[in-house]
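Me: Could you take a close look at one part of this model for me, a pair of neighbouring strands and what surrounds them? I would enjoy one connected walk through it.

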Amino acid sequence: MKIIFLGTNGWYSTRHANTSCILIKTDNFNLVLDAGDGLYKLDKYIDDDKPVYIFLSHLHLDHVIGFHILNKFRFKKPLEIFGYIGTRQGLNTLLQHPFTASIEELPFSLKIHEVNEGSHDIPLPFMSLLLKHADPCIGYRFSIDDKIITYCTDTGECENLYLLASNADLFISESSYKPEQVEWEWPHLNPETAAMIAKRSNVKQLILTHFDAELYNTPESKVEAENRARRLFPTTIIAHDDLELKI
Ligand SMILES: [Zn+2]
Ligand SMILES: [Zn+2]
């Protein structure tokens with residue numbers, strides 16, 4: 001299985017990074033985590049003959065703005081989008097004139113699935129739980145090819161983070177705040193808190209992504225985040241756009 005980071009910024013895109021989008025390529029499907037601006041690179045990497053599943057954490061624009069370019073894709077199978085309750089209404093509003101081409105005009109069919117908190121088996125085994133954010137946002141724990149991959153973005157520290165990350169092979173976590181920055185009313189994590197959660201949850205590997213575009217405005221600004229996180233959790237990797245990993 002291969003993981004390719006298509007967008008690693010939070011909030012807005014810069015010349016160094018697009019907003020949140022991660023592709024997990026498996027033998028059977030292409031799994032996409034969030035649809036920020038980085039989504040436009042998807043056709044460079046996917047196997048067209050395998051289905052594409054997009055799992056959304058929430059509907060903030062840095063996680064869905066990439067849908068603006070959906071009509072450049074020529075998927076051979078229906079595109080399936082998964083998200084929390086309210087995703088259908090949100091996307092039907094956004095993917096419509098006068099904002100962009102409507103869903104009916106796309107050159108492939110699109111299905112939206114709303115998922116509640118809990119365990120699910122379709123289209124693959126996964127668990128979803130609400131996180132702590134300014135609007136409803138869910139974290140995921142996927143079971144893929146005997147590996148557990150947890151994806152939690154746009155959240156402050158909360159109980160469900162630990163439930164989702166427990167003993168994961170790979171914990172993909174946000175790191176919007178700078179080292180030592182404390183949480184305010186728009187909850188996010190700093191690198192040390194993400195590393196502490198990884199350590200307490202006994203995960204094998206931590207990858208930090210969703211770096212706030214304003215706070216991490218150069219590639220070098222992430223070095224301090226990496227150093228701080230590694231002090232607490234040595235197997236931490238800092239994601240950047242186009243980073244490819246095999247697990
Ligand atoms: Zn975000
Ligand atoms: Zn958000």
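Reply: Strand β3 (residues 21-25) pairs with strand β4 (residues 30-33) in the antiparallel sense, over 4 bridges. Helices (H or I, at least four residues) and strands (E, at least two) are DSSP runs here, numbered from the N terminus, and two strands pair if DSSP finds at least two bridges between them. This is a predicted model, in which local features need pLDDT of at least 70 and side-chain atom pairs count only at pLDDT 80 or more, while totals for chains, interfaces and linings use all residues. Residues are numbered from 1 along each chain as its sequence is written, and chains are lettered from A and ligands numbered from 1 in the order in which they are written.

A hairpin of 4 residues links β3 to β4. Along the pair, I22 has L33 of β4 as its bridge partner, and L23 stands opposite V32. On to the next strand: β4 runs parallel to β5 (residues 52-55), joined to it by 4 bridges, and there L33 has F55 as its bridge partner.

Now for the faces of β4. Both are covered, with N30 and V32 buried on one side and L31 and L33 buried on the other. Buried means that 20 or more other C-beta atoms lie within 10 Å of the residue's own; exposed means 12 or fewer, and partly exposed is in between, with C-beta atoms placed from the backbone.

I22 deserves a second visit. Leaving aside residues up to four places away in sequence, I22 touches I3, F5, L6, L33, D34 and I172; contact means that C-beta atoms, placed from the backbone, lie within 7 Å. Both I22 and V32 are among the residues with the most contacts inside the largest nonpolar core, which has 63 residues. Such a core is a set of buried Ala, Val, Leu, Ile, Met, Phe, Trp, Tyr and Cys residues joined through C-beta atoms within 7 Å.

Stepping back to the sheet, 7 strands form an open, mixed arrangement in the order β7-β6-β5-β4-β3-β1-β16. Its edge strands, β7 (110-114) and β16 (244-246), each pair on one side only. Neighbouring strands are turned by 20° against each other on average, direction ignored. Helix α2 (residues 87-94) packs on this sheet, where it touches β6 (79-83) and β7, and its direction makes about 145° with that of β7. Axes are lines fitted to C-alpha atoms, for helices over the stretch in contact, and angles run from 0 to 180 degrees between N-to-C directions.

Technical notes. Two residues are in contact if their C-beta atoms, placed from the backbone, lie within 7 Å.
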